[in-house]
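Student: Please show me how to read a structure one feature at a time. I would like the general idea first and the case at hand after it.

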Amino acid sequence: MSDELITRALVGGQWINGRGGTFPVTDPATGDEIARVADCTTAEVTSAIEAAAAAFEGWRLRSTKERAAVLLKVRDCLLQEKDIIATVLSRENGKPLGEAAGEVGFAASFFEWFAEEARRQYGETIPSPFPSKRLVTVRQPVGVAALITPWNFPIGMIGRKVAAVLAAGCTCVVKPAEDTPLTALFFAKICERAGVPPGVVNVVPCSRERVEEVGAALCASPRVQVLSFTGSTAVGKWLYSRCGPTVKKLALELGGDAPFIVFPSADLTRAVEGAMASKFRNTGQTCVTANRIFVHESIHDKFVSCFASAMDAELKVGRGLEKGINQGPIINQRQFDRLVKIVKDSVSAGAKTVRGGLSLGGLFYAPTLLTGIKMDMPVVTQEIFGPVAAIIPFQNEEEVIRLANTTDKGLAGYFYSNDVSQVWRVAEALDVGMVGVNEPMVSSCEAPFGGFKQSGLGKEGSRYGLDEFTHLKYICFGI
């Protein structure tokens with residue numbers, strides 16, 4: 001495939017312009033305009049929904065083996081074009097090139113996984129209480145899925161959602177984040193090349209100014225049977241409320257406020273390595289990043305010293321396309337200003353700056369380490385979404401579990417301990433959907449991804465990932 005940027009929407013197998021004109025996509029590392037992309041309106045969204053509904057009638061009838069073959073072809077095409085996709089992703093997102101390439105592989109893994117799971121959508125035979133009846137269940141695709149994807153993993157989240165959609169026998173309309181539509185449109189080209197039938201996957205980008213109207217159109221359409229969204233809790237709540245009149249199925253992966261706990265028995269070296277990986281991956285712009293780092297008071301000072309040294313030795317800030325860089329820019333000015341305010345207000349409230357705490361020009365922010373944290377500071381009460389680590393001392397297990405669970409979110413949580421009994425107690429006590437025990441990286445296609453409380457509904461990936469896009473039908477046979 002050519003590395004030429006794709007800038008038009010894909011609707012019903014046709015590459016079209018948006019009636020809203022175009023909107024700019026910029027490189028957050030330089031501020032330069034990369035391209036102008038089709039600005040889709042409700043008219044294009046409606047056409048995309050109609051195309052998906054029409055394509056569903058044929059796609060749903062394909063055998064699971066046939067659908068699996070298409071998914072594997074998408075996987076192959078993604079891996080073949082990994083370097084080109086990674087470059088596009090890095091340019092519009094700012095993510096270091098190595099991370100971007102890893103994300104392409106992550107996306108591809110879901111097409112392999114769900115190609116296999118497509119053939120395992122088992123029903124069951126239920127023992128009947130009546131001699132004259134036989135009871136069975138089967139799984140069937142729900143129909144058209146609306147997929148709204150985020151800017152922080154612009155190929156990974158599309159891969160995770162679309163793979164499950166296609167495996168289930170559904171079709172979809174994808175609305176990518178306005179900051180990163182180029183990756184999504186390149187993905188659409190991949191689907192076309194891989195032989196995904198016209199209308200099965202449709203991609204409709206739009207500008208920030210049209211996000212609300214496009215989102216509302218997806219929610220209001222009675223032809224859309226399920227909506228899957230990854231993004232902020234605030235937007236998730238808005239979408240939730242808009243889907244009520246049509247009683248859609250919902251899959252929501254929303255904000256995180258992950259605790260990262262280091263107990264006295266922990267291997268301190270591993271704990272520092274884990275905290276670094278969790279906190280600074282994608283420059284801290286992930287929903288599962290360590291947002292609040294709790295360290296037992298007996299090892300607090302040593303942990304802070306080791307963590308600061310690791311930051312000095314390992315973190316290199318710059319444009320993601322440059323060699324050796326592992327910390328890119330903040331995605332846009334709005335997020336940058338928000339991050340600056342969180343740090344400034346926390347420091348004004350008494351937080352101590354051990355490292356960083358300043359702008360490096362443009363949208364680059366210095367990796368920052370703060371201590372002297374109180375629980376009412378913005379770095380604790382808000383999702384930071386940037387390269388800022390806030391270290392909070394604690395006295396005992398009971399206290400830290402209480403502090404960790406004092407939030408309305410519950411996506412992920414992490415802790416380091418070599419006390420076997422404590423491992424079981426804490427893993428079960430953390431009120432989150434995913435727990436990393438002595439391990440900061442919990443995501444994989446084989447494992448269920450999703451949270452508790454206001455971090456969302458449903459699971460992505462794993463054998464449970466098809467549940468969001470299928471109905472369980474009960475059939476009773478009289479004999």
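**Reading the features**

Tutor: With a relative accessibility of 71%, Val247 counts as exposed. The terms are set by relative accessible area, with a 1.4 Å probe and protein chains only: buried is under 20%, exposed is over 50%, and partly exposed is in between. This is a predicted model, in which local features need pLDDT of at least 70 and side-chain atom pairs count only at pLDDT 80 or more, while totals for chains, interfaces and linings use all residues. Residues are numbered from 1 along each chain as its sequence is written, and side-chain values use heavy atoms, leaving out hydrogens and water.

Student: Where is the place of Val247?

Tutor: Elements are DSSP runs numbered from the N terminus, with helices (H or I) of at least four residues and strands (E) of at least two. Val247 sits in the loop between α8 (233-243) and β11 (249-253). Its phi is near 50°, a positive value in a residue other than glycine.

Student: What is the phi of Lys453, and where does Lys453 lie?

Tutor: Lys453 is not a glycine, yet its phi is positive, about 50°. Lys453 belongs to strand β20 (residues 452-453). With a relative accessible area of 34%, Lys453 is partly exposed.

Student: Next, aromatic rings. How many aromatic pairs does the count come to?

Tutor: A pair of aromatic rings is described by the distance of the centres and the angle of the planes. Here rings of Phe, Tyr and Trp (its six-membered ring) pair if their centres lie within 6.5 Å; planes under 30 degrees apart are stacked, over 60 edge-to-face, and the rest tilted. By this rule there are 10 aromatic pairs. One of them is the edge-to-face pair of Trp151 and Phe385, with 5.7 Å centre to centre and 85° between the planes. This pair links distant parts of the chain, 234 residues apart: Trp151 is in the loop between β7 (144-148) and α5 (156-168), and Phe385 in the loop between α12 (378-381) and β16 (388-394). Trp151 and Phe385 are both buried.

Student: Which residues do ring pairs link into a cluster?

Tutor: They are Phe260, Tyr414 and Tyr416.

Student: Which charged end sits over the ring of Phe130, and which over the ring of Phe449?

Tutor: The rule is that NZ of Lys or CZ of Arg lies within 6 Å of the ring centre and within 35 degrees of the ring normal. The charged end of Lys133 sits over Phe130, 4.5 Å from the ring centre. For Phe449 the charged end is that of Arg160, 4.1 Å from the ring centre.

Student: Now the empty space. What volume does the largest pocket have?

Tutor: Rolling a probe the size of a water molecule over the atoms shows where empty space is left. On a 1 Å grid over the protein atoms alone, a pocket is an open set of points with protein on both sides within 12 Å along at least five of seven lines, a cavity is a set where a 1.4 Å probe fits but cannot get out, and lining residues have an atom within 4 Å of a point. Points are joined across faces, edges and corners, and the volume is the space filled by probe spheres set on them. The largest pocket comes to about 890 Å³. It is lined by 32 residues, and Trp151, Phe229, Gly231, Ser232 and Val235 are the closest to its centre. Two or more lining residues come from each of α7 (211-220), β10 (224-230), α8 and α11 (333-348). The largest share, 5 residues, is from α8.

Student: How many lining residues of the largest pocket are nonpolar, polar or charged?

Tutor: Nonpolar means Ala, Val, Leu, Ile, Met, Phe, Trp, Tyr, Cys and Pro; charged means Asp, Glu, Lys and Arg; the others, Gly among them, are polar. The lining has 13 nonpolar, 9 polar and 10 charged residues.

Student: How many disulfides does a search of the whole structure find?

Tutor: A disulfide is a covalent bond between the sulfur atoms of two cysteines. The search asks for a pair of cysteine sulfur atoms within 2.5 Å, and it finds 0. For Cys287, the closest cysteine sulfur is in Cys445, 17 Å away, which is too far for a bond. Cys287 is buried, at 13% relative accessible area.

Student: How far apart are the C-alpha atoms of Gly320 and Glu99?

Tutor: They are separated by 9.0 Å, although the residues are 221 apart along the chain. Gly320 is in the loop between α10 (residues 300-314) and α11.
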